[in-house]
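Q: Can you walk me through this structure? I'd like to go over the sheet, the helices and the charged pairs.

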Amino acid sequence: MTANYYDDEENVRSYIEMAAGYDGAELIEKLGNYLPAASTVLEIGMGPGTDLDLLDQHFRTVGSDRSTHFLDLYRADHPDADLLVLDATTLETDRTFAGIYSNKVLHHLTQTQLGHSLARQADLLELDGIALHSFWRSQTGESYVENQYGPHFVYYTVDRLIELAAPYFDIL
């Protein structure tokens with residue numbers, strides 16, 4: 001990811017405005033097919049917290065983001081929220097979870113960083129845990145990198161994502 005894009009509060013506020021009205025309700029419904037209600041779920045890269053609010057309706061959620069601006073803005077309205085400052089690559093926490101979720105976050109990582117993140121996620125999952133992530137899909141048939149308005153984006157093919165995840169996860 002571009003080193004400091006979301007470290008700038010103006011960029012964070014601009015992103016929140018741009019993302020208004022978008023959520024991962026359909027993805028969260030799918031997660032509910034695999035995890036019992038009240039399971040612990042970590043959201044990686046919670047941004048404004050829209051999906052965290054939806055996840056919290058079904059699960060015991062922990063929100064995380066590398067940007068403290070996102071966390072501070074969310075905490076202002078949700079003072080009791082369980083939030084962690086986490087880098088999506090290293091995920092430095094000693095906590096474990098039944099599920100790990102992200103919605104169009106991990107595409108900011110290089111392919112090497114994504115491999116590290118997936119390995120770390122496997123370590124953080126409880127036995128029979130599940131990870132559910134969405135990505136922007138490559139339209140060219142090849143994975144490629146693009147920089148839009150500052151952040152780094154990797155558009156993956158389905159085959160490349162499976163190749164990166166298969167050493168750590170059974171693909172459902």
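A: Sure. One term before we start: contact here means heavy atoms within 4.5 Å. Also keep in mind that this is a predicted model.

Q: OK, so which residues of α5 meet α6?
A: On the α5 side they are Q111, L114 and L118. Their counterparts in α6 are R160, L161, L164 and A165.

Q: How do the residues of that contact divide into nonpolar, polar and charged?
A: Five are nonpolar, one is polar and one is charged.

Q: And at what angle do the axes of α5 and α6 cross?
A: Roughly 45 degrees, and the axes come within 9 Å. Helix α5 covers residues 111-124 and helix α6 covers residues 158-165. That crossing makes α5 oblique to α6.

Q: Let's switch to the sheet. What's the strand order?
A: The order is β3-β2-β1-β4-β5, five strands in an open sheet with parallel pairing. The edge strands, β3 and β5, each pair on one side only. From one strand to the next, the twist averages 20 degrees.

Q: What holds strands of a sheet together in general?
A: Backbone hydrogen bonds: strands pair through them, either parallel or antiparallel.

Q: How many bridges join β1 to β4 here?
A: Three, with β1 (residues 40-43) and β4 running parallel. To pick out a residue pair, V41 has G99 in β4 as its bridge partner.

Q: Which helices lie across the strands?
A: Helix α2 (residues 25-32) lies across β1, β4 and β5, and runs at about 160 degrees to β5. There's also α4, which lies across β2 and β3 and runs at about 160 degrees to β3.

Q: Now the charged pairs. How many salt bridges does the structure hold?
A: Six. As a general point, side chains of opposite charge can pair when their charged atoms come close.

Q: Start with R13. Which residue does R13 meet in a salt bridge?
A: E9, at 2.9 Å from N to O. Both residues lie in helix α1 (residues 9-19), four residues apart, which is about one turn of the helix.

Q: Are those two buried or exposed?
A: In between: R13 counts as partly exposed because its relative accessibility is 44%, and E9 is also partly exposed, with a relative accessible area of 33%.

Q: What about D82, what's the salt bridge partner there?
A: R95, with N and O 2.6 Å apart. This pair links distant parts of the chain, 13 residues apart. D82 sits in the loop between α4 and β3, while R95 sits in the loop between β3 and β4.

Q: And how accessible are D82 and R95?
A: D82 comes out at 31% relative accessibility, so it counts as partly exposed. R95 is partly exposed too, with a relative accessible area of 29%.

Q: Back to α5 for a second. Which residue does D123 form a salt bridge with?
A: R120, where the closest N and O atoms are 3.9 Å apart. D123 and R120 both lie in helix α5, three residues apart, about one turn of the helix.

Q: Is D123 buried or exposed?
A: D123 counts as exposed because its relative accessibility is 53%, and the cut-off for exposed is over 50%. R120 is partly exposed, with a relative accessible area of 23%.

Q: Last one: which residues do salt bridges with shared partners join into one network?
A: D7, R66 and D87.

Terms used. Residues are numbered from 1 along each chain as its sequence is written. This is a predicted model: local features need pLDDT of at least 70, side-chain atom pairs count only at pLDDT 80 or more; totals for chains, interfaces and linings use all residues. Side-chain values use heavy atoms; hydrogens and water are left out. Axes are lines fitted to C-alpha atoms, for helices over the stretch in contact, and angles run from 0 to 180 degrees between N-to-C directions. Helices (H or I, at least four residues) and strands (E, at least two) are DSSP runs, numbered from the N terminus. Angles under 35 degrees count as roughly parallel, over 145 as roughly antiparallel, 65 to 115 as roughly perpendicular and the rest as oblique. Ala, Val, Leu, Ile, Met, Phe, Trp, Tyr, Cys and Pro count as nonpolar, Asp, Glu, Lys and Arg as charged, and the others, Gly among them, as polar. A salt bridge is a side-chain nitrogen of Lys or Arg within 4 Å of a carboxyl oxygen of Asp or Glu. Buried means under 20% relative accessible area, exposed over 50%, partly exposed in between (1.4 Å probe, protein chains only). Two strands pair if DSSP finds at least two bridges between them.
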